[in-house]
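Here is a short briefing on one protein chain. Keep the sequence and the 3D view open as you read.

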Amino acid sequence: MDSYARTRERLETYFGRTAAKTWENLTSDAPVSRIRQTVREGRDQMRAAMLARLPEDLTGCRVLDAGCGAGPMTLELVQRGAEVVACDISQSLLDVAKSRIPDKYHRQITFVAGDMLSERLGRFDYVMAMDSLIHYQARDIAEALGKLAPRTRGKIVFTVAPKTPLLSVMHVTGKLFPRSDRSPRIIPHSEARIASALRKALVKGRLRAVARVAKGFYISQAMELER
């Protein structure tokens, strides 16, 4: 997974140093530009759509929040009773998550700075990977899911950037953020491409597209892989 490792290194630099403050603000209630407000609202809608794929009561379940960022998904998971491994490549965003999530929930959370695919994280009932795979090639997404699936009892719910004309133009022009903190390239994929990559990687499970959110500059497709 050399290409996965190279992309992960770029993301670690971006989220950990280049644009850490940008994403801290984006995931807060702080005023932001109109463009970033659409991203904030779109992410809120997508998080709700992904959580709708899990039981309301997660008591006794161990869940990986893969790419947890500033922790909004983690907070909702622990409020449902889950034990959560909140993993992110950015220590600075993990610090934000720790400060925002009420202390009473911290006993349910293991915060981990590092690779969300690490076998050291253990086994899970569910995996949530919101916008943490959108920068990767289809083969890397398939290999990532192939590493997580054998350690996941239930489903893996994840997002990809859908292959749409508007999204392709947005990514080519690269105008979502100023040049100084622009994110690494987002790679659009069709459901068929992800399915094909999974077959080639011999990843078993049923793949389904479950929700799409298009809110201004935020366009994302939620999918789930269930064994």
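V112 is partly exposed, with a relative accessible area of 22%. This residue belongs to strand β3. The model is predicted. The points below start at V112, then move on to the cysteines, a helix pair, the nonpolar core and some single residues.

**V112 and its surroundings**

- Leaving out residues up to four places away in sequence, V112 touches V85, A86, C87, D88, L94 and L121.
- V112 and A66 are 46 residues apart along the chain, and their C-alpha atoms are separated by 10.0 Å.
- The 22% of V112 lies above the buried limit, which is under 20%, and below the exposed limit, which is over 50%. V112 is therefore partly exposed.

**Cysteines**

- A disulfide is a covalent bond between the sulfur atoms of two cysteines.
- How many disulfides does a search of the whole structure find? The search finds zero.
- Why does C87 not bond to C68? The closest cysteine sulfur to that of C87 is in C68, but it is 7.0 Å away, so it is too far for a bond. The cut-off for a disulfide is 2.5 Å.
- C61 fails in a similar way, because its closest cysteine sulfur, also in C68, is 19 Å away and too far for a bond.
- Is C87 buried or exposed? C87 is buried, with a relative accessible area of 1%.
- C68 counts as buried at 6% relative accessibility, and C61 counts as buried at 11%.
- C68 sits in the loop between β1 (62-66) and α4.
- The contacts of C68 are T74, A86, C87, D88 and L94, not counting residues up to four places away in sequence.
- A86, C87, D88 and L94 also appear among the residues that V112 touches.
- C68 and G205 are 137 residues apart along the chain, with 24 Å between their C-alpha atoms.

**Helices α3 and α4**

- Two packed helices are described by the angle between their axes and the distance between the axes.
- Helix α3 (residues 34-51) packs against helix α4 (residues 72-79) at an angle of about 35°. Their axes are 11 Å apart.
- The crossing of α3 past α4 is right-handed.
- Which residues meet here? From α3 come R47, M50 and L51, and from α4 come P72, M73, E76 and L77.
- Five residues of this contact are nonpolar, none is polar and two are charged.

**The largest nonpolar core**

- In soluble globular proteins, nonpolar side chains tend to be buried together.
- The largest nonpolar core here has 66 residues.
- Which of its residues touch the most other members? They are L64, L77, M128, F158 and L225.
- Helix α6 (residues 138-148) gives this core its largest share, six residues.
- L77 is also part of the contact between α3 and α4.
- Not counting residues up to four places away in sequence, L77 touches L51, L54, L58, V63, D65, A82, V84 and M128.

**Two residues with positive phi**

- D131 is not glycine, yet its phi is positive, near 60°.
- D131 is found in the loop between β4 and α6. This residue is buried, with a relative accessible area of 12%.
- L202 is another residue other than glycine with a positive phi, near 60°.
- Where is L202 found? L202 is in the loop between α8 (191-200) and β7 (206-215).
- L202 is exposed, with a relative accessible area of 72%, whereas D131 is buried.

**G122 and E9**

- G122 is in the loop between β3 (109-113) and β4 (126-129).
- At 23% relative accessibility, G122 counts as partly exposed.
- Leaving out residues up to four places away in sequence, G122 touches R62 and R151.
- G122 and I141 are 19 residues apart along the chain, and their C-alpha atoms are separated by 19 Å.
- E9 has its place in helix α1 (residues 2-18).
- Is E9 buried or exposed? At 55% relative accessibility, E9 counts as exposed.
- The C-alpha atoms of E9 and M73 are separated by 23 Å, and the two residues are 64 apart along the chain.

Note on methods:
Residues numbered from 1 in each chain as written. Predicted model: local features only at pLDDT ≥ 70, side-chain atom pairs only at ≥ 80, totals over all residues. Heavy atoms only, no water. Axes fitted to C-alpha atoms, helices over the stretch in contact; angles between N-to-C directions. Helix = DSSP H or I, 4+ residues; strand = E, 2+ residues; numbered from the N terminus. Left-handed = near helix turned anticlockwise from the far one by under 90°. Contact = heavy atoms within 4.5 Å. Nonpolar A, V, L, I, M, F, W, Y, C, P; charged D, E, K, R; others polar. Core = buried A, V, L, I, M, F, W, Y, C linked by side-chain atoms within 4.5 Å. Buried < 20%, exposed > 50% of the residue type's maximum accessible area, 1.4 Å probe, protein only.
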